[in-house]
Amino acid sequence: MIARLRRWLRDRKLASAIVVVALGVGLAQLLLWWMGPAPKPNDFVGPPRSGYTLTNFKLWSYNPEGQLAFRMQAPQLERREGDESLYINSPVFDLSSKKPGVPDWHGQSLYGWVDKSGSLIKLQGPVTMHRPAWADTPATDLVSSDVTVWPKENRMVTAAPAQMTQGASRMDGVGMRANLNDNHLELLDNVHATFPPRKRKS
């Protein structure tokens, strides 16, 4: 019986080799399935979807002390489900002054992004801001692009060119840091400034 099986296998070497390899592969796959880790769940759930979309909306955000930090309105707002941040088209905004008697900054940009907590705003594309005159301080205009704002702290930065005009004075530079609470503005590179002479007191 064994001699007959050996003779049969010898006469059919190729077929025998295929059967042995197939059995080996099947056994290896069975061992891998039995001993290997469980497959990871598929995290992909499709493209990002809006939690909701608003048109012609108005938004108010307050700081921890209950003071108004900023107001914003725009033709469209989209809230994403993933990170709960807000994506805004053509926002018009007011950054509230933290000092009595000092007017708010009014501005606009091409796009805006607000994080979930409302403590970080990214103003994308061209950004213009204006503050009316007050006391002996003339009206101020600020022109830049791609500005990051911390509205609850009244701070902003940009790496883009920036220009500030205050009355007859003008400053231009690349990169800017500003603290709107104490009216401190710092231009970081390639700075040019024009300051008219002060009028002498009679």
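Leaving aside neighbours within four places in sequence, Arg131 is in contact with Val102, Pro103, Asp104, Trp105, Thr137, Ala139, Thr140, Gln166 and Asn183 in this predicted model. The residue is found in strand S6, and with a relative accessible area of 2% it counts as buried, because the cut-off for that class is under 20%.

A second charged residue, Asp172, has its place in strand S9, which covers residues 169-179. Its relative accessibility is 22%, so Asp172 is classed as partly exposed rather than buried, the latter term being kept for values under 20%. Once neighbours within four places in sequence are set aside, the residues in contact with Asp172 are Ala162, Gln163, Leu187, Asn190, Val191 and His192. With one of these, Gln163, there is also a polar contact from side chain to side chain, at 2.9 Å. Thr194 lies 22 residues from Asp172 in sequence, and the C-alpha atoms of the two are 9.0 Å apart in space.

The two residues may be set side by side as follows.

| Residue | Strand | Relative accessible area | Class |
|---|---|---|---|
| Arg131 | S6 | 2% | buried |
| Asp172 | S9 | 22% | partly exposed |

Strand S6 also takes part in enclosing internal space. A search of the whole structure finds one cavity of 30 Å³ or more, and the space in the largest cavity comes to about 30 Å³. Its lining is made up of Val127, Met129, Leu142, Val143, Ser144, Val147, Met156 and Met176. Strand S6, residues 121-131, and strand S7, residues 140-150, each supply at least two residues of that lining, and the largest share, four residues, comes from S7. By character, the lining residues of this cavity divide into seven nonpolar and one polar, with no charged residue among them.

These local details belong to a protein chain with two helices and 10 strands, in which both helices precede the strands when the pattern α-α-β-β-β-β-β-β-β-β-β-β is read along the sequence. Of the 202 residues in the chain, 29% are buried. Among contacts between residues at least 6 apart in sequence, 40% join residues that are at least 24 apart. The protein chain exposes about 14,100 Å² in total, and 59% of that area is supplied by carbon and sulfur atoms.

Key
Residues are numbered from 1 along each chain as its sequence is written. This is a predicted model: local features need pLDDT of at least 70, side-chain atom pairs count only at pLDDT 80 or more; totals for chains, interfaces and linings use all residues. Side-chain values use heavy atoms; hydrogens and water are left out. Buried means under 20% relative accessible area, exposed over 50%, partly exposed in between (1.4 Å probe, protein chains only). Contact means heavy atoms within 4.5 Å. Accessible areas come from the Shrake-Rupley method with a 1.4 Å probe; for residues, only the protein chains shown count as cover. On a 1 Å grid over the protein atoms alone, a cavity is a set of points where a 1.4 Å probe fits but cannot get out, and a pocket is an open set with protein on both sides within 12 Å along at least five of seven lines; lining residues have an atom within 4 Å of a point. Grid points are joined across faces, edges and corners, and a volume is the space filled by probe spheres set on the points. Ala, Val, Leu, Ile, Met, Phe, Trp, Tyr, Cys and Pro count as nonpolar, Asp, Glu, Lys and Arg as charged, and the others, Gly among them, as polar. A polar contact is a pair of N or O atoms within 3.5 Å; within protein, one must be able to donate a hydrogen and the other to accept it, and residues adjacent in sequence count only if both atoms are side-chain atoms.
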